[in-house]
Amino acid sequence: MRRKIVAGNWKMNGSKDLVQQLVGVICDHAVGLDSGVEVVIVPPAPYITLVQQQADGKLALGIQNVSQWQSGAYTGEVSADMAKDLGCWYVLVGHSERRQLFGENDEVVARKVGQVLESGLTAMLCVGETLEQREAGEAERVVAGQIKRGLAGVSADQWSRVVVAYEPVWAIGTGKTATAEDAQAMHAEIRSVLESMKAPSEEISVLYGGSVKADNAAALFSEPDIDGGLIGGASLKADEFISICRAFPAGS
Ligand code: PEP
């Protein structure tokens, strides 16, 4: 079944104080618990345990990155099994910052997806085109390629642990966001790409990310193929994040 999900990607921001304040306020507002929305906090890895203690089962946890390898002499790496051990459910894979700043290509992304699924966690595969690619009319082709290559190794019994996040690169952290109509069109396209891969596309949550804020979330979340959001900057502001978690249409 498609789940409604709002995930807050804190990126490399935060501190012990911030965890206490932010997670405390989000939990006080019982965001999601009564509305069927799964609220996921994706803090920097060193704060995962603190977030977990503070959230006390009221929020789901994610990690921003894991290694493409299972274990061994890979100094500085964190494995998917370790993320599971810490209580994470979700792993971001293929975020555009990892692709652009750390040179992660679709092959690396596919290996990471494999590690995540092998460990029993859910992979949140991030895909999206740059502004140049959109202006050249290549957005659909680029996104379809990222999905096909990134998810090439997923087996029939693993699709229930795949989430896709469409994040146009030009919208991340820029204040520019896709219109709800443009985002919906790409989400419908993503579902047909998944269908072509024999995935149960109607059961896979497809999230939108890229400058989602309290004032644009409702329009995006009202679209039929948008199942929630991956939120960067606004997830560090309690009021904004809580409003986004509540932005789904009533009865949806
Ligand atoms: C992100 O980093 O995944 C993201 C969507 O960031 P922002 O909401 O700040 O654009």
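How many Å separate an oxygen atom of the ligand from an N or O atom in the side chain of Lys-11? Select both to see: the separation is 2.6 Å. Keep in mind during the tour that this is a predicted model.

**Stop 1: the ligand**

Keep the ligand selected and show the 14 residues around it. Those that come nearest are Lys-11, Glu-167, Gly-173, Ser-211 and Gly-233. Next, pick out the backbone of Ser-211, where a polar atom is 2.8 Å from an oxygen atom of the ligand. Do the same for Gly-233: a polar backbone atom of this residue also has a ligand oxygen at 2.8 Å. Now show the surface of the ligand. Taken alone, the ligand exposes 290 Å², and the protein buries 97% of that. Colour the surrounding shell by residue type, and you get four nonpolar, eight polar and two charged residues.

**Stop 2: two loops with a positive phi**

Go back to Lys-11, in the loop between strand 1 (4-9) and helix 1 (16-28). Its backbone angle phi is near 50°, a positive value in a residue other than glycine. Most residues other than glycine have a negative phi.

Then select Asp-56, which sits in the loop between helix 2 (48-55) and strand 3 (60-63). Phi of Asp-56 is near 50° too. Is Asp-56 buried or exposed? Asp-56 is exposed, because its relative accessible area is 63% and a residue counts as exposed over 50%.

**Stop 3: a buried loop residue**

Move to Gln-158, found in the loop between helix 7 (139-150) and strand 6 (162-166). Here the relative accessibility is 11%, and the limit for buried is under 20%, so Gln-158 counts as buried. Show what surrounds this side of the loop. Leaving aside residues up to four places away in sequence, Gln-158 touches Leu-117, Glu-118 and Gly-153.

**Stop 4: the nonpolar cores**

Which residues touch the most other members of the largest nonpolar core? Select Leu-151 and Ile-190: these two do, in a core of 68 residues. Add helix 8 (residues 180-196), which gives the most to this core, with six residues. Centre the view on Leu-151. Its contacts, not counting residues up to four places away in sequence, are Val-113, Leu-125, Gln-146, Trp-159, Val-162, Val-164, Leu-194 and Met-197.

Finally, look for another core that lies apart from the largest one. This second set has 13 residues, and Ile-5, Val-40, Ala-60 and Leu-230 are among them.

Definitions and conventions:
Residues are numbered from 1 along each chain as its sequence is written. This is a predicted model: local features need pLDDT of at least 70, side-chain atom pairs count only at pLDDT 80 or more; totals for chains, interfaces and linings use all residues. Side-chain values use heavy atoms; hydrogens and water are left out. A nonpolar core is a set of buried Ala, Val, Leu, Ile, Met, Phe, Trp, Tyr and Cys residues joined through side-chain atoms within 4.5 Å. Buried means under 20% relative accessible area, exposed over 50%, partly exposed in between (1.4 Å probe, protein chains only). Helices (H or I, at least four residues) and strands (E, at least two) are DSSP runs, numbered from the N terminus. Contact means heavy atoms within 4.5 Å. A residue is near a molecule or strand if one of its heavy atoms lies within 4 Å of it. A polar contact is a pair of N or O atoms within 3.5 Å; within protein, one must be able to donate a hydrogen and the other to accept it, and residues adjacent in sequence count only if both atoms are side-chain atoms. Accessible areas come from the Shrake-Rupley method with a 1.4 Å probe; for residues, only the protein chains shown count as cover. Ala, Val, Leu, Ile, Met, Phe, Trp, Tyr, Cys and Pro count as nonpolar, Asp, Glu, Lys and Arg as charged, and the others, Gly among them, as polar.
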